[in-house]
Amino acid sequence: MSAPDTRASGAAAASGSPPGPASAPPQAQPAMPSLALGMIGNCTISALVDARAGIVWSCMPRFDGDPVFNALLQPGDQGSRFALELEDFAHSEQWYEPNTAVLRTRLTDTAGNCLEVTDFAPRFFSRSRAFRPVMLVRRVRPVRGAPRIRVRLNLRYEWGQTQPTITRGSNHVRYVGSALTLRLNTDAPLTYVLSGQPFVLAREHNFLLGDDESLQGGIGDTARLWEQETIAYWKLWSRSLALPLQWQEAVIRAAITLKMSLFEDTGAIVAAMTTSIPESAHSGRNWDYRYCWLRDAFFVVRALNSLSEVGTMEDYLRWLGNIVAETRAGHIQPLYGIGLEHELPESIQPHLAGYRGMGPVRVGNQAAEHFQHDVYGNIVLGAAQAFHDRRLLHPAGLAQFERLEQVGELAVQVYGKPDAGMWELRTRARIHTSSALMSWAACDRLAKIAQTLQQPGRAHYWRQHAQAMQAEILERSWNSERQVFAESFGGHELDASVLLMAEVGLIHPADPRFVRTLDAMEQSLCDGPYMRRYEAADDFGKPETSFNICTFWRIDALARTGRREQAREIFEAMLAVRNPLGLLSEDTHAATGEMWGNFPQTYSMVGVINAAMRLSAPWDSVI
């Protein structure tokens, strides 16, 4: 697959008019799954929509729930989807309403008849609280001529194994399952909706799919009002961002995507919306990412903080505080369920073929059982700004610091001990440099927090720990033979995570040792602009694709070491491999530019924001 057309997130999106035709050829059967998808969501649920306005993935009643639409992992007619199919389809166009999470898809048939589908999940403030129901809203209207459509809503439960019992009312259909019942309220003809009979779209129709509750108002009036309010919410939210001068559209799209990855009810932030999209073709590297990794969540919070969006941090700190309180100064897992679930047993769904038939499809993640020692540093780093930022509704104080110190003590206890590392290696334990680095970061930030809170004794205590760790990390991770910082104490191989040394402040980026390490990584880990995670083979052999966040770490390191032009070239290359709507998955194939891995990946969207903030020309250059 060549680098995708990015017009949908460029000039067309800026004007609010549709972009040029997307590459969706006419065909009777559903297209082979791809990651050319748009994401809608409201911080309660989300859905992925393909280029022909088909909802191919949506979990309910929350991000890690049952995928009631699973066509992304079950190709062909066996997959469940919510499609509004245009007869004699010719081509499609797709774009976001500027600065919102409202997605529009325009479908045209071979005779020139045209319709437009608007998709969103309602989100706005009502009665002094956030209104974000378990609800997907689809609005379809004729644009030109007399388009003929077919509604296909073949919802499934229990990972596609169970068909719901269907009951109907005057303007609704209920899909009754043993654990979940959903209701479709619609002003479209129910006879056609239930039979799949094509009909001429003579006027606007609305489809509201969500909790089994009656609407308070009319279907059309409700859908129109909720669209207006949702657009207004996202536009106001986007307006509050402190954007860089350059690459603003890319940053806004990344920021909205990160915000939609917040499960606001608890404050958890998921790593991605999907499970089991392989990291490369037929690799078996298929994992479930619909949970909250403390590491990933820290990077999300920091990226949004850099745009002055601190509300997500406040929500996340609520969730983080519950994790720390519940563990009572004991072992903290690298990830949890978004409802604070500790156990995420990993299983396989053998009846699902997988993305493009590339199973297995996994549910749960065994990494929850791992010991990954960088987790403690990520907790402290994620919370640190709350002690220094006076804008917050609930600034952190001494009580929160004392609880955070318990996490710091755990960072001291695990420092210098073998673990699975941040890449979650399942069959190998070492003293990973990145884990030791995060223990240092925990102590360093606690010292600075103590200073801010005027606790000189505690500041001295944590500073001593940090200084001792810093000296040992720089000595024991240095490989004198290769003249590089290695991935583990006494190790030999390179690992992209070592680039975080400069990003979190352990070493000055101009230090010759860091520069040599960066140069060696460019020779060993990079395929053109793209960077892989590590040199050594892992449990599945050597990775075939680059890991997007590593490429962004490279961009940051290059910029910090003064090689800004090279960093900008690589950043532009990464922007070019986003999908047509400006989204990224976890991995990129260096030869084809095709996206692999779970989608949309918060790590990758974080990288877009960080790189733009690092590389943009300053505002005072134009004003």
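Biologist: Why is A53 called buried?

Modeller: A53 has a relative accessible area of 0%. Buried means under 20%, exposed means over 50%, and partly exposed lies in between (1.4 Å probe, protein chains only). A53 is under the 20% limit, so it counts as buried. The model is predicted: local features need pLDDT of at least 70, side-chain atom pairs count only at pLDDT 80 or more, and totals for chains, interfaces and linings use all residues. Residues are numbered from 1 along each chain as its sequence is written, and side-chain values use heavy atoms, with hydrogens and water left out.

Biologist: What makes the phi of A53 worth listing?

Modeller: Its phi is positive, about 70°, although A53 is not a glycine. Most residues other than glycine have a negative phi, and most peptide bonds are trans. A53 sits in the loop between β2 (46-49) and β3. Helices and strands here are DSSP runs numbered from the N terminus (helices H or I, at least four residues; strands E, at least two). W159, also not a glycine, has a positive phi of about 55°, and its place is in the loop between β12 (148-153) and β13.

Biologist: Is W159 buried or exposed?

Modeller: W159 has 10% relative accessibility, so it counts as buried.

Biologist: Which peptide bonds are cis, and what is omega for each?

Modeller: One joins M60 and P61, with omega about 10°. P61 belongs to the loop between β3 (55-60) and β4 (66-69). Another joins F599 and P600, with omega about -25°. P600 lies in the loop between β30 (595-596) and α15 (602-615).

Biologist: What makes the pair H432 and D419 a polar contact?

Modeller: Their side chains are joined at 2.9 Å. A polar contact is a pair of N or O atoms within 3.5 Å; within protein, one must be able to donate a hydrogen and the other to accept it, and residues adjacent in sequence count only if both atoms are side-chain atoms. The 2.9 Å of this pair falls within that limit. H432 lies in the loop between α8 (398-414) and α9 (433-452), and at a relative accessible area of 5% it is buried.

Biologist: How do you know that N286 is buried, and what does its side chain meet?

Modeller: The relative accessible area of N286 is 0%, so it is buried. Its place is in the loop between β19 (268-269) and β20 (292-293). A polar atom of the N286 side chain lies 3.3 Å from the backbone oxygen of G359, and one lies 2.9 Å from the backbone oxygen of P360. Leaving out residues up to four places away in sequence, N286 touches S276, P278, M358, G359, P360 and R362, where contact means heavy atoms within 4.5 Å.

Biologist: Why is R564 called partly exposed, whereas R168 is called exposed?

Modeller: R564 stands at 33% relative accessibility, so it counts as partly exposed. R168 has a relative accessible area of 51% and therefore counts as exposed. R564 is in helix α14 (residues 564-576), and R168 is in strand β13 (residues 165-168).

Biologist: What touches R564 and R168, not counting residues up to four places away in sequence?

Modeller: R564 touches L558, A559, R614, L615 and S616. A polar atom of its side chain lies 3.0 Å from the backbone oxygen of L615. The C-alpha atoms of R564 and R614 are separated by 9.3 Å, with their positions 50 residues apart along the chain. R168 touches V173, L190, T191 and L194.

Biologist: How do you know that the span of α13 is close to the expected one?

Modeller: Helix α13 (residues 548-560) has 13 residues and reaches 19 Å from its first C-alpha to its last. The expected span is 1.5 Å times one less than the number of residues, which gives 18 Å for α13.

Biologist: What makes α13 mostly covered?

Modeller: Of its 13 residues, 12 are buried, among them F552, W553 and R554. After α13 comes G562, with a positive phi near 90°.
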